[in-house]
Amino acid sequence: MSYPLLEIKDAVKHYGGSLWSGQRPVAALQGCSLSVHGTPASITAIAGESGSGKSTLASAVLGFVTLDSGQVRFMGQDLATMDRHLRFNYRRQVQAVFQDPYAAFNPFYRAGHLFDLALRHFKLAASHQEAKDRIADALHRVGLSTADLKKHPHQLSGGQRQRMMVARACLIEPKLIVADEPVSMVDASLRSMILDIMLRLRDESAISFLYITHDLSTAYQIADDIHILFRGTVVESGPTAEVLGQPRHPYTRTLIESIPAPDPARRWNAPLTTDWENEHTEPSTDCCFRSRCPEAAEGCPHGIPGLSPISEGSSHQVACWRANTQR
Amino acid sequence: MSTMRGSSLAYLIRRLAMFALTIWLGLTLMFLIPRMAPGDPIAAMVARISSQAGRVENSEQMIQAWRTRFGLDAPLYQQYGRYLWNSLHFDLGYSMAYFPMKVEDLVRAGMPWTLALLSIATVLSFLVGSTLGALMGWPASPRALRLVLPAALCFTSIPPFMLGILLIYVFAFGLRWFPFAGAYAHEFPPGRNLDFVFSAVHHGILPATAIVVTTMGFWALGMRAMMVTTSGEDYMILAQAKGLRPRRLFWMYGVRNAILPQVTSLALSIGGIAGGSVLVEYIFTYPGMGYLLYQGIVNNDYALIQGMTSILIIGVATAVLIVDLAYPLLDPRIRRGDL
Amino acid sequence: MSVPSWINAKLVAGSTVILFVVMLGLLGPWIWDTTQARVASCPLNLPPYGFSPPNLTFQPAQLAHPLGTESSGRDMLAVLITGTPNSLLVGTIAAGIGIVIGTLLGLTAGFMGGWVGTLIRVMSDAIITIPSLVVLIVISSYVREISLTSMGLLLALFAWPGTTRTVYAQTLSLRERGYVQMARLSGASTLSIMVFELLPNLMPYLAACFTASVSGNILAATGLEALGLGPSRIPTLGMAISNAVRGAAILRGMWWWWGLPIAMLILIFSGLFLITIGLDEVANPRLRRSEGNAR
Amino acid sequence: MNTPLDNPVLRVEDLEVRYGNLAVPAVNRVNFEVRRGEILGLVGESGCGKSTAAMSILRLLHPPGRVTHGRVLLDGIDLLAMGTREHRALCWKTISLVPQGAMNALNPVLRVENQIADAIAAHEDTRSKGPLTPRINELLALVGLPSRVRRLYPHELSGGMRQRVCIAMAVALRPPLVIADEPTSALDVVVQRVVAQSLLDIKNRLGNSMLLIGHDMGLMAQLADRVAIMYAGRLVEIAPVADVFRAPRHPYTRQLIESTPTIGQRRPLAVNEGGPPGLGTRTAGCPFAPRCPHAMPRCANEPPAMAQCGEDWQAACHWSAQP
């Protein structure tokens, strides 16, 4: 039996909640499931607004937070049950690129420190020369030169820093890179470049990506599959072109309609009527989107709708009571 | 928003827990450390008192009282329990040097002086220092002001009691403007009359100055740093754009925000200020708790020492608690939110 | 931009002062007879050279005792030379131990979190508010004879919580930085992250904590000594002040007796204070006003 | 007779701003105007000088930044030449600011009502606090917020609500011009739409003009009437938004539009090596030349000037100016 590269099953995570801190627990993930395919390498996008749990998901995959319940499986192996050796191996196979490329550099060291760290701990090179060659090769792939390694992080531009992060991930040659909002802090022209590098790495180096983003349009440009996250659960998922081309969930539709189209001829028409900012943190036994749903009808039954294919055998899935009755 | 009530209750519980913990820790340290030292300090102490007993009439009685108070024959945990119980009930026993006076009576005599000196000096220093610091850190302050003010801070690195010696030398010994010692002139005993009040203020000015001048700079520095930070915040830029009057900008947008960490800092440093004032009272022979403590040390009056310090620890913890409980009044994020 | 950014006028001035004081302690015994710091080794009550006696009961100044002598026949210059390094030593011992313990606890609390973290944090917060000098007075009044080292150890008991607080707060903010996560992704262990990623960035804060702590501990030690609770056989600056106060030096106009040790201490405190605020400015670049922020 | 064209609300003339003693200005001789009732979008990448220009107009530039040349005329009055006191009395009544959608644009220790009241009280004689409450309620209603928001503290509001409070505050005195500096940059896409529509709605109802600073061409297409594109401190193109999107004249504008990803068709991403020159890097010719696909020898030596290239359309490019 073959396993998907990465599989997340019923992930649940709550934060906070103690008398000492006086805070109620906040649910970040509420039974979230998805998978990323590795053969052939793919880019899987996870899209959602802030607070949807997408960053918690990234941290769970990277092992920075432990789930309250549920599993993260890498090639069939549960992350929680991995021993020291397997975990170390997992570290090598799963790398990350973060949102803020500046924070990823320790201000105390030169830019090259990040590369040295990885080489040293993962014992990636047998000799000094080999180490040099590998770094040079990784930098070359993102269009940087080894001279940049000697610079201090603040002497690099935002784009250079982010490309260096990608180069670092390449150097380790992982199977999966978790890219957590990698382009949300860089300018438009550099954004394209980094997305392009991701595509090339997928095709040329067979590296899969878990692309975490709030921006559906960049997801549309590069992702093979997409999962739309809302309040810690997946509300719609499937092939990107299909999900964003024919969205079935009202939330996905609202998201798409809210993207400002770079075309003065297609301006927003009616303003949004629902109150998008009423905060509901209490767990509910109803559809999580109910309070905001522009289409919530009297007809919607109570209870939480499960993720189900829109038609027999389709990989496009949606969690909405009305998905089958509309259109 | 639903977490509001929970968070202020949790804050209250946290602060009360810290209050209890501080007192317990302070008392425990004082109990344990002398007993952990090599040799048997209590036995040595009793011997030392016995050797001096010739001078004191009721020496036997006194030593016995001392032994009973500490229950020296009892197991350590019983001694400890009794010690905590007595301290928390202000049952401080008899003074050995001033027998048959109770330590409680001595505390009652010294407390008002210390309380008045310390609270006035601390509040004054906090307010003046913070204001100076705020002006120093405010970009719109006149340039001259910002250059002159650091000069006022050169006393910051001097300990209060050393400045006290200097002040006595200059203003009491040299210029004879103020008295050397004491809290009031003996011809005006405490009472509700102006003579006494003037005399008390006259005696209090030098010790208070010693504390205020030396601690002021600490507040000024902290406030300056916070003010610099605050003046770069987005809300400050928006407030400037709104065209607010400089005074409102300074107080309600600048100082109002910058003072918050200062209050936390005040709570943390009350203990240090109290410790420093013990020495100031000693230098000025000011008849407060600190001077009494010194008397206890000179006279080997361990009951007095123990009692005084227990009261000082509880008193400081109470002051800290008061400041902590006042903090939410200044910061709506604690009062109503979930910071 | 040729001067490194951490070089700072206050830092330089403070270091110079401290260096001078240390050199005085180190080289002093070679150029001056320090046995004169013992009781009855010199004539009594001489004013410093070049100053006239305050009244008729005093002898005129002598060149042999340029800073004068006090009522027990100690030479003030010898007292300063022998006392200064002792006072510095006590402060440094206490601060050194305090900084090590404080850093370890602060890093642990900040990085591990959990109930261990909470315990460390609560304990340090509680100890910070205890009036340490008062507790120290009690303790040292029980333990009458005390060596310089044990005094340093005793002071260290209260010297760590400040550092713990600072390190904890810094660690909390640094822990979430991308580079800590990057190091973890690079297979670094927790210990190596604390030592190689966090500690270097904490250095300016630790240095500032250290100098502030040396200063605070010298003050506490001097305070105890002034009350007559210090090591009674080893000359320190605090003991000199204590003798002066007990010898009624203020009322007798013998300003050099108390004034010189105080002046020396103020010199030390000022030096350390300058270093501390200099380091603070290095650690918090926002205090460096001139750089401004380009929007 | 005044037509909107010849009587702009704001006219920026030859504005030049420098930071410290850097050789190259952060804002380099920029000219534009904001007309009555329009939204002018000022677009560019981070560091291109758009925010610096806005801050100069508001006189909020912090040292070491300073205006070294030029005039900012509001209804013909030069704001930069005014005395501080005079300017303070005038500022929020004539130009107000909707700040970046950052967390701390509001004073954390003051209630929403007090912060709005502050703006009003600084410019109107309001002795009694009573009559202000209905007015504040009305302002909040204008941006679609319930009146209970009035009594709340900023930390009790979500990002979008905070930003709408800022909008309400900005129009409290009905100024003829509102400057919105990346008003939606920190918000989620749906909330961004709510806030953006609220800005548009306000403008339509109150008839004020707006200078919208941003980097997102999509948002500009949705909101702006005209756009001004900045690159490395210079204005490179200014024209009605429909024209710019149809046929941009400056290669940089084209690149900005093409690098804005959309849903609908996947297209090869416009990849361009290198970024804009850093602050303080002096370039003899067109600053965009190193990245420009159409760069000619002339571009490296001779900086192009803004030139009319259509009705109500200006661009600074040698290539597009060719016959």
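## A tour of helix packing, salt bridges and a surface patch

Helices α9(B) and α10(B) are roughly antiparallel to each other, because the angle between them lies over the 145 degrees needed for that label. Keep in mind throughout that this is a predicted model.

**Chain B, the helix pair.** Select residues 234-241 of chain B, which make up helix α9, together with residues 246-283, which make up helix α10; the two pack at an angle of about 175 degrees, and their axes are 11 Å apart. To see where they touch, display the side chains of Y235(B), M236(B), A239(B) and Q240(B) on α9(B), and those of L249(B), Y253(B), G254(B) and N257(B) on α10(B), since it is these residues that make the contact.

**Chain A, a sequence-adjacent pair.** Move next to R202(A) and D203(A), which form a salt bridge whose closest N and O atoms are 2.9 Å apart. Colouring by accessibility separates the partners: R202(A) is buried, at a relative accessible area of 15%, whereas D203(A) is exposed, at 55%.

**Chain C, a bridge between helices.** Now select D125(C) and R165(C), another salt bridge, with 2.8 Å between the closest N and O atoms. D125(C) belongs to helix α3 (residues 114-129) and R165(C) to helix α6 (residues 160-175), so the pair ties together parts of chain C that are 40 residues apart in sequence. R165(C) is partly exposed, with a relative accessible area of 30%.

**Chain C, the nonpolar patch.** Staying in this chain, show the surface over L19(C), V22(C), M23(C), L26(C), L27(C), W30(C) and I31(C), which form a nonpolar patch with about 790 Å² of accessible area together. Pick out L27(C), which lies in helix α1 (residues 9-31) of chain C and is partly exposed, its relative accessible area being 45%.

**Chain D, one helix and one network.** In helix α9 of chain D (residues 251-258), E258(D) and R254(D) are four residues apart and are therefore separated by about one helical turn. Their side chains form a salt bridge, the closest N and O atoms being 3.8 Å apart, a separation that still counts because the cut-off is 4 Å. E258(D) is partly exposed at 38% relative accessible area, and R254(D) is likewise partly exposed, at 34%.

Finish by selecting R11(D), E13(D), E33(D), R35(D), R71(D) and D312(D), which are linked in a network of salt bridges. Over all chains, the count of salt bridges comes to 34.

Note on methods. Residues numbered from 1 in each chain as written. Chains lettered and ligands numbered in written order. Predicted model: local features only at pLDDT ≥ 70, side-chain atom pairs only at ≥ 80, totals over all residues. Heavy atoms only, no water. Patch = residues over 30% accessible without salt bridge, like charges linked within 9 Å, V, L, I, M, F, W, Y side chains within 5 Å. Areas by Shrake-Rupley, 256 points an atom, 1.4 Å probe, with all protein chains shown as cover. Buried < 20%, exposed > 50% of the residue type's maximum accessible area, 1.4 Å probe, protein only. Axes fitted to C-alpha atoms, helices over the stretch in contact; angles between N-to-C directions. Parallel < 35°, antiparallel > 145°, perpendicular 65-115°, else oblique. Contact = heavy atoms within 4.5 Å.
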